[in-house]
Amino acid sequence: MTTQTSQTTHTTQTPQAAQEAPTAQATASEAAAPGPAHRHGPRLHWAKLAPEVYKAMTALDAAAREGLDPTLVELVKIRASQLNHCAFCIDMHIKDARAAGETEQRIYLLNAWEEAPDFYSPKEQAALALTEAVTLLTEGFVPDAVYDRAAAHFGQAELAQLIALITAINAWNRFGVSTRMAPGRA
């Protein structure tokens with residue numbers, strides 16, 4: 001992962017820096033004890049072990065952002081990461097949103113954006129609704145009403161980019177959660 005400043009994709013940190021926490025062997029009692037994932041170290045350095053996949057993901061992420069408003073990009077990435085419980089990505093994209101000029105209040109309210117409609121434009125609300133529908137596919141499918149709402153605010157090419165962005169952040173989240181990437185290592 002290369003180091004960049006604002007508007008980063010998942011390139012804010014090197015794979016080594018992102019996952020340098022020691023992975024000590026847990027005792028039998030620690031391994032059996034229930035608890036949050038943060039009590040465990042990272043599982044493996046996936047970007048280092050699968051560099052071609054990492055490069056492809058970075059390219060996908062960059063291509064998916066093309067033509068989309070940078071603030072909207074970060075709102076989508078934060079919201080998907082919240083739904084997927086990816087602390088690493090939430091941390092990264094909140095920092096990136098701030099660097100893009102996003103306000104603290106909109107970041108704080110994002111988890112309940114539907115309850116705070118005055119803080120998000122109709123276009124942002126449509127993008128967030130689509131983000132939730134695509135992210136939560138295990139709960140069904142993308143409803144026509146959600147898709148149509150997004151299509152009313154985004155041209156076809158922009159909508160295709162938005163769907164690609166949502167798909168990309170969901171993939172990043174799965175790498176982050178499954179390998180227990182730890183937040184705050186910027």
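Is Asp 96 buried or exposed? In this predicted model, Asp 96 is buried, its relative accessible area being 5%. The residue belongs to helix H6. Its C-alpha atom lies 9.8 Å from that of Leu 75, although 21 residues separate the two along the chain. The setting of this residue is described below, beginning with the chain as a whole.

The secondary structure of the protein chain consists of ten helices and zero strands, and the pattern along the sequence is accordingly written α-α-α-α-α-α-α-α-α-α. Of the 186 residues in the protein chain, 41% are buried. Among contacts with a separation of 6 or more, 70% join residues that are 24 or more positions apart.

Helix H8 covers residues 122–135. At 1.5 Å a residue, a helix of 14 residues should span 20 Å, and the end C-alpha atoms of H8 are indeed 20 Å apart, which agrees with that expectation. Because twelve of its 14 residues are buried, H8 is largely enclosed by the rest of the structure. The buried set comprises Glu 124, Gln 125, Ala 126, Ala 127, Leu 128, Ala 129, Leu 130, Thr 131, Glu 132, Ala 133, Val 134 and Thr 135. The cover over these residues includes helix H5 (70–83), helix H7 (104–109), helix H9 (144–153) and helix H10 (156–178).

One residue of H8 may serve as an illustration. Gln 125, which is found in helix H8, has a relative accessibility of 13% and therefore counts as buried, the cut-off being under 20%. When residues up to four places away in sequence are not counted, Gln 125 touches Trp 113, Pro 117, Tyr 120 and Arg 149.

In soluble globular proteins, nonpolar side chains tend to be buried together. In the present model, the largest nonpolar core contains 26 residues, and those with the most contacts inside it are Val 76, Leu 110, Leu 130, Phe 154, Leu 162 and Leu 165. Two or more residues are given to this core by each of H5, helix H6 (87–99), H8, H9 and H10. H8 supplies the largest share, six residues. A second core, separate from this one, has twelve residues, including Ala 47, Tyr 54, Cys 86 and Cys 89. Leu 110, one of the residues with the most contacts inside the largest core, is in contact with Leu 75, Ile 78, Arg 79, Gln 82, Tyr 120 and Leu 128, leaving aside its neighbours within four places in sequence.

Two packed helices are described by the angle between their axes and the distance between the axes. For H5 and H10, the packing angle is about 40° and the axes are 9 Å apart. The two helices are therefore oblique to each other, and H5 passes H10 in a right-handed crossing. On the H5 side, the contact is made by Val 73, Val 76, Lys 77, Ala 80 and Ser 81, and on the H10 side by Leu 162, Leu 165, Ile 166, Ile 169, Asn 170 and Asn 173. Val 76, Leu 162 and Leu 165 of this contact also appear among the residues with the most contacts inside the largest core.

H5 also packs against H6, at an angle of about 160° and with the axes 9 Å apart. These helices are therefore roughly antiparallel to each other, and H5 passes H6 in a left-handed crossing. The residues of H5 that make the contact are Glu 74, Lys 77, Ile 78, Ser 81 and Gln 82, while H6 contributes Cys 89, Ile 90, His 93, Ile 94, Asp 96 and Ala 97. Asp 96, the buried residue considered at the outset, thus takes part in the contact between H5 and H6.

Backbone geometry was also examined. Most residues other than glycine have a negative phi, and most peptide bonds are trans. His 85, by contrast, has a positive phi, near 60°. This residue is found in the loop between H5 and H6 and is exposed, with a relative accessible area of 66%. Arg 180 likewise has a positive phi, of about 55°, although it is not a glycine. Arg 180 is placed in the segment after H10 and is partly exposed, its relative accessible area being 22%.

Conventions
Residues are numbered from 1 along each chain as its sequence is written. This is a predicted model: local features need pLDDT of at least 70, side-chain atom pairs count only at pLDDT 80 or more; totals for chains, interfaces and linings use all residues. Side-chain values use heavy atoms; hydrogens and water are left out. Helices (H or I, at least four residues) and strands (E, at least two) are DSSP runs, numbered from the N terminus. The expected span of a helix is 1.5 Å times one less than its number of residues. Buried means under 20% relative accessible area, exposed over 50%, partly exposed in between (1.4 Å probe, protein chains only). Contact means heavy atoms within 4.5 Å. A nonpolar core is a set of buried Ala, Val, Leu, Ile, Met, Phe, Trp, Tyr and Cys residues joined through side-chain atoms within 4.5 Å. Axes are lines fitted to C-alpha atoms, for helices over the stretch in contact, and angles run from 0 to 180 degrees between N-to-C directions. Angles under 35 degrees count as roughly parallel, over 145 as roughly antiparallel, 65 to 115 as roughly perpendicular and the rest as oblique. A crossing is left-handed if the near helix is turned anticlockwise from the far one by less than a right angle, and right-handed if clockwise.
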